[in-house]
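Student: Please take me through the main nonpolar core of this protein. Which residues does it centre on, and what surrounds them?

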Amino acid sequence: MSIEIGVNGGSAAYVHQLYTSPDTLTTEVRLQDYATDIQHLFSTDDNPDARVHVLLRIGGSEHFRLDIARYAAKLERCGNTICLDTDGSKVLTPDEIANLTPLALRLEYPGDEAIQLQSYNSEGVPRGAWQFDPQSYEPGCWLIYPSPDTVMPFRPTLWRVQGVHLLTSGLANAINIFNQTERETAIDAEIESMSWNFMDDGWAEIEQLAGQVGHLPLATLDIWRRFARSPHGMASLALRFGKLPNGFLYRFDQELPFSWETVTFSAWKQAVACLDDQCQKIYGQDAGKIVFQSCLDTRIKDITSKNGALQFLFGIATAGHSPLEAKQQLKMLMQLGARADLLLFQVEDSLLMRLRRSHQDDQWPLGSNQILANARKQAEISNYLCPVQLDYADGVINLPLLLAAQVVNNQTQEWFSHPQMANILRAHKTFDPEWFDDAYNLTIARCLAAGLL
């Protein structure tokens, strides 16, 4: 018996064998036991309507199939009302429908108070429909979404109200574009512009959006999906002095096809400089330096506590803005980089030997062959890979080495352009997090010693 889990009807990304005794009459399969696998698959597809399928096979034949969505129900437009779809109306009781609280927010003005929609009732019983008369609302993109305390979450929907728009913000104008491709292009341009200027008005709108609708899955809004595809945007979102909700930033690598280890060195360095400039413009030169250092230290501590592979990278990226002690540590890091190759591969008790010994009986993740084959064609990357190819272990060994070299050489765009690669990276990283962090950090040190940073 086996459980297969895949996304959007594709081939199974996870296969779990279930072993039972011949004397066993029943076997209990709990979906909760596979919650992590399901969440990881959702994070590889930023489509709000992505579905994960779970198959139960017995003797190679499919006996049970379950499709899982991000939401319990969808909303549909019905004239001047918004209502639950047929499936949602069937599974929810009248009491559950009565507890749904749809809110409407104009995305171009996230600072405005959200409007609670009025329910349509029939003889006091809620029908699962709410009034939304476009003529009663200002022109713009209205997001209709569940309140944070809604017991049964439903899929948010966008209702565009036609009319003359008086928009002064570049980000608001980008969000207001109807064509999906043109809107994404405009949002990308705004994110790139904002990443160079932490005083841009668009940042206030980003914080307001996160505060108003940050409880929704990040895949709901294309603004978050476009941030997750921008190394400069994510570095800026991480380091900028602002007011994002607690924990909001750290959901990106859990809910979207994104990894912090793919953000380039140049993006982090740029974000550090922009943070310095922001603090000085707000607080003046002397006080700004104090606020800058405090904010930078706090942000780096928070990020590296969850992503240990970034420790050396941050140390180098912030060296030009750090006290004398940090610059002295940079010299020590350079000395470490000069012998990092020995520590990784060559000494008797190398990190590579420890990795192979600790997993000699495990099944190593696969799927990175093409990624490594492409990397070995580039001298600036291949020079930092393991000198010996080790068959099934090759991916786990080399992926952190490859990624660190790409980060230094500003060549990580493939990780942002091909979301499906996120699942490969996550599988290799979680197989042995200690090896991943150490190998990544030591490769960064090797690049420093080679004069690339």
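**The largest nonpolar core**

Tutor: The largest nonpolar core (buried Ala, Val, Leu, Ile, Met, Phe, Trp, Tyr and Cys residues joined through side-chain atoms within 4.5 Å) holds 99 residues. Ile 223, Trp 224, Phe 227, Phe 252, Trp 268 and Tyr 440 have the most contacts inside it. Buried means under 20% relative accessible area, exposed over 50%, partly exposed in between (1.4 Å probe, protein chains only). The model is predicted: local features need pLDDT of at least 70, side-chain atom pairs count only at pLDDT 80 or more, and totals for chains, interfaces and linings use all residues. Numbering runs from 1 along each chain as its sequence is written, and side-chain values use heavy atoms, without hydrogens or water.

Helix H18 (residues 394-408) gives this core its largest share, 10 residues. Helices here are DSSP runs of H or I, at least four residues, numbered from the N terminus.

Now Trp 268. It touches (heavy atoms within 4.5 Å) Ala 235, Ala 238, Leu 239, Trp 260, Val 263, Ile 303, Leu 310, Leu 313, Phe 314 and Ala 317. That list leaves out residues up to four places away in sequence.

Next, Tyr 440, another of the core residues with the most contacts. It is one of the buried residues of helix H21, which spans residues 433-449. H21 is mostly covered, with 12 of its 17 residues buried. Others among them are Trp 435, Phe 436, Leu 442, Ile 444 and Leu 448. Asn 441, Thr 443 and Arg 446 of H21 are buried too. After H21 comes Gly 451, with a positive phi near 85°.

A further core lies apart from the 99-residue one. It has 17 residues, including Leu 84, Leu 117, Trp 142 and Phe 154.

Key: Helix = DSSP H or I, 4+ residues; strand = E, 2+ residues; numbered from the N terminus. Expected span 1.5 Å × (residues − 1).
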